[in-house]
Amino acid sequence: MGMPTTQGTAAAIAPGLASKLSSNGTEPSATPEPIMLELVDEAGNTIGTAEKLAAHQAPGQLHRAFSVFLFDEEGRLLLQRRALGKYHSPGVWSNTCCGHPYPGEAPFAAAARRTFEELGVSPTLMGEAGTVRYNHPDPSSGLVEQEYNHLFVGLVQATPEPDPEEIGEYAFVTPAELAERHAAAPFSAWFMTVLDAARPAIRELTGPAGGW
């Protein structure tokens with residue numbers, strides 16, 4: 001929900017000052033607010049916070065994350081290819097959506113929020129599918145994924161409208177098409193780990209005929 005606005009405010013600002021202000025009332029050259037992640041222990045209990053990039057620098061700090069797997073009515077998995085401009089794992093394929101809750105944000109809420117921000121769609125149905133803890137270095141960037149990951153599985157009925165700064169392209173795939181694509185194109189370092197961890201919930205959602 002947007003912040004309330006007052007009509008006529010711009011007219012009251014001196015032209016010189018107005019040209020220096022961005023939409024959030026700060027100068028464009030101002031340092032952006034750091035993105036903070038929630039640090040956790042091995043049991044998933046919150047123990048503090050860390051700046052996003054710092055948490056991913058080797059050897060990595062264990063932090064809370066989420067992964068979303070959405071399927072269409074035919075039981076096909078929605079994949080995304082990460083935009084080339086992303087600093088972590090650019091241009092690789094991955095599951096529907098991955099991210100990090102803000103400190104204090106519920107993982108379910110963060111997963112729904114981020115899916116809409118990246119893909120322009122809200123899940124028709126989404127449920128928890130357990131957690132998985134992993135340590136995956138990314139050879140190309142040198143960054144490390146030390147994550148306590150909350151998994152979510154659900155359905156999507158709307159047509160994705162991805163944010164080009166986040167997503168280069170998307171595809172709906174069957175298990176066979178995923179295997180073919182996975183053999184031919186680079187995927188995120190964490191993809192198979194989170195997919196395998198979510199498979200029981202995926203099979204429950206898509207049924208035995210889905211092949212997952």
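Colleague: Happy to look at this with you! Where does P59 lie?
Modeller: Glad to help; this is a predicted model, in which local features need pLDDT of at least 70, side-chain atom pairs count only at pLDDT 80 or more, and totals for chains, interfaces and linings use all residues. Residues are numbered from 1 along each chain as its sequence is written, and side-chain values use heavy atoms, with hydrogens and water left out. Helices (H or I, at least four residues) and strands (E, at least two) are DSSP runs, numbered from the N terminus. On that footing, P59 lies in the loop between α2 (52-56) and β3 (63-71).

Colleague: And which kind of peptide bond joins A58 and P59, cis or trans?
Modeller: Most peptide bonds are trans. For A58 and P59, however, omega is about 0°, and the bond is cis.

Colleague: Now to the charges: how many salt bridges does the structure hold?
Modeller: Side chains of opposite charge can pair when their charged atoms come close. A salt bridge here is a side-chain nitrogen of Lys or Arg within 4 Å of a carboxyl oxygen of Asp or Glu. The number of such salt bridges in the structure is 11.

Colleague: Nice. E42 and R133 form a salt bridge, so how many residues apart in sequence are the parts that this pair ties together?
Modeller: Their side chains meet at 2.9 Å, N to O. E42 lies in the loop between β1 (36-40) and β2 (46-51), while R133 belongs to strand β7 (residues 125-137), so the pair ties together parts whose separation in sequence is 91 residues.

Colleague: Is E42 buried or exposed?
Modeller: Buried means under 20% relative accessible area, exposed over 50%, and partly exposed in between (1.4 Å probe, protein chains only). R133 is partly exposed at 31%. E42 has 53% relative accessibility, so this residue counts as exposed.

Colleague: Which residue forms a salt bridge with R76, and is that partner buried or exposed?
Modeller: The closest N and O atoms are 2.7 Å apart, and the partner is D72. R76 is partly exposed at 25% relative accessibility. With 10%, D72 counts as buried.

Colleague: In which helix do R199 and D196 lie?
Modeller: Their side chains meet in a salt bridge of 2.8 Å, N to O. R199 is buried at 19%, whereas D196 is partly exposed at 41%. The two are 3 residues apart, about one turn of the helix, and both lie in α5.

Colleague: Last one: how far is the C-alpha atom of A209 from that of G75?
Modeller: A209 lies in the segment after α5 (191-206) and is exposed, at 80% relative accessible area. A209 and G75 are 134 residues apart along the chain, yet their C-alpha atoms are separated by 9.0 Å.
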